[in-house]
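Please open the model in your viewer and keep the selection tool at hand. The stops below are meant to be taken in order.

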Amino acid sequence: IGAGAVGGVVGAVPDTGTGADGGAGTGAVAVAHPNIALIKYWGKRDEHLVLPRTDSLSMTLDIFPTTTRVRLAPEAGRDVVVLGGRPAEGEALRRIVTFLDLVRHSARVPHRAVVESHNTVPTGAGLASSASGFAALAVAAARAYGLSLTATGLSRLARRGSGSASRSVFGGFAVWHAGRPGQDTKAADLGSYAEPVPVADLDPALVVAVVDAGPKAVSSRAAMRRTVDTSPLYEPWAASSRDDLTQMRAALLRGDLQVVGEIAERNALGMHATMLAARPAVRYLAPATLTVLDAVAQLRRDGVGAWATMDAGPNVKVLCRRLEADRVAAAVREAAAGGAVHIAGPGPGARLLPEGGR
Ligand code: DP6
């Protein structure tokens, strides 16, 4: 892969003590959790560098971790990638090999790797498995290849695998900066990373209603490309999303969960509106999604603070107070018609596990 393709994983300092000498058996294991965006990332300005058009803001969850082991295989002629016990193929394999190429280039270590990854969340169902997956891969691969990266550097690296993964490097609430457009490649790469967001005492929970755990029909990558290219609603949403972010940061700082929830819900519905207006339309929302949204509206009429957000799939995540999460989960479970319901709180950032750990 060419130097342009790397674009500088910034802060990538080869550590001659580990990966650079390429000893067989050099490896690392990392764990990362998914995050759910309250201000959505939808649309890239640079596909190759995975630079977004807008800032986004998320909460990392304490459920559904991904654990990933990376071992260097100096004798191997190609990467071996095993996802959930099965060899990866097609697009999933290609994305991981491209990511490893970037790490190899930055570390100046040519060796292939064996990657084993376990998700505890249904893959490809709009439940952010690519976020936890690439955050864990970034942390494990950086260590295995001997790159000494700061958390910011790891966030930039994870971004290259999947944009939302930049946020899963951090626990709790994180904002992913889009960076400024129109810069050269290196400056653009440098400017786009996630970092923790200061919040007051919120005690939030996200109730995850899995109305359909099957893989999505259109990948979020393809869907956001089509939206940016064809939807007349895209630019207005992107502009309003910038205001949403400013207002949400202020609400998080003063601990105003109601305003946080209201902004999250309108931002997500607006994102889905942009897709519905794409040509041809992208529709992730299913009948069961709307039934859950009705239940959320009814909860509010009953005086319970509950606000919904949906990603590239029909599943609904409901933001509420932790003290009311059981009540919200019960209402949502009834509406989700047999779908599983999980209660999540704010979770930790991506981290290395002790050698051999799991
Ligand atoms: C709807 O991060 O999966 O979940 O960068 O192309 O890998 P790529 O996209 P991805 O998109 C996530 C979109 C979203 C909103 C969000 O998480 O902000």
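Which residues does Val207 touch, not counting residues up to four places away in sequence? Select Val207 in this predicted model, and then add Val318, Cys320, Ala325, Val328, Ala329, Val332, Val341 and Ile343, which are the residues that Val207 touches once those up to four places away in sequence are set aside.

Widen the selection now to the largest nonpolar core, which has 104 residues, and in which Ala135, Ala138, Val207, Ala209, Val318 and Val332 touch the most other members. Helix α3, residues 129-144, gives the most to this core, contributing eleven residues. A second core, separate from that one, consists of five residues, and Leu49, Val50, Leu51 and Ala188 are among them. As general background, nonpolar side chains in soluble globular proteins tend to be buried together.

Next, go to helix α2, which spans residues 90-107, and pick out Val103 within it. Is Val103 buried or exposed? Val103 counts as buried, because it has 27 C-beta neighbours inside 10 Å, where 20 or more are required. Leaving aside its neighbours within four places in sequence, Val103 is in contact with Ala141, Ala142, Tyr145 and Leu147. If you draw a distance from the C-alpha atom of Val103 to that of Ala136, which is 33 residues away along the chain, the separation is 14 Å.

The following stop is a sheet. Select β3, β6, β12 and β13, four strands that form an open sheet in that order, with antiparallel pairing. The edges are taken by β3 (35-39) and β13 (194-196), each of which has a single partner strand, so one side of each is left without a neighbour in the sheet. From one strand to the next, the twist averages 30°. Inside the sheet, strand β6 (residues 56-60) and strand β12 (residues 173-176) run antiparallel and are joined by four bridges; Ser58, for example, has Ala174 in β12 as its bridge partner. Add helix α8, residues 234-253, which packs on the sheet and touches β3, β6 and β12, with its direction making about 110° with that of β3.

Finish at the ligand, and select the residues around it. How many residues surround the ligand? There are 14, of which the closest are Ala37, Tyr41, Ser162, Gly163 and Ser164. Colouring this shell by class shows five nonpolar, six polar and three charged residues.

Conventions:
Residues numbered from 1 in each chain as written. Predicted model: local features only at pLDDT ≥ 70, side-chain atom pairs only at ≥ 80, totals over all residues. Helix = DSSP H or I, 4+ residues; strand = E, 2+ residues; numbered from the N terminus. Buried ≥ 20, exposed ≤ 12 C-beta atoms within 10 Å, placed from the backbone. Contact = placed C-beta atoms within 7 Å. Near = placed C-beta within 6 Å. Nonpolar A, V, L, I, M, F, W, Y, C, P; charged D, E, K, R; others polar. Pairing = 2+ DSSP bridges. Axes fitted to C-alpha atoms, helices over the stretch in contact; angles between N-to-C directions. Core = buried A, V, L, I, M, F, W, Y, C linked by C-beta atoms within 7 Å.
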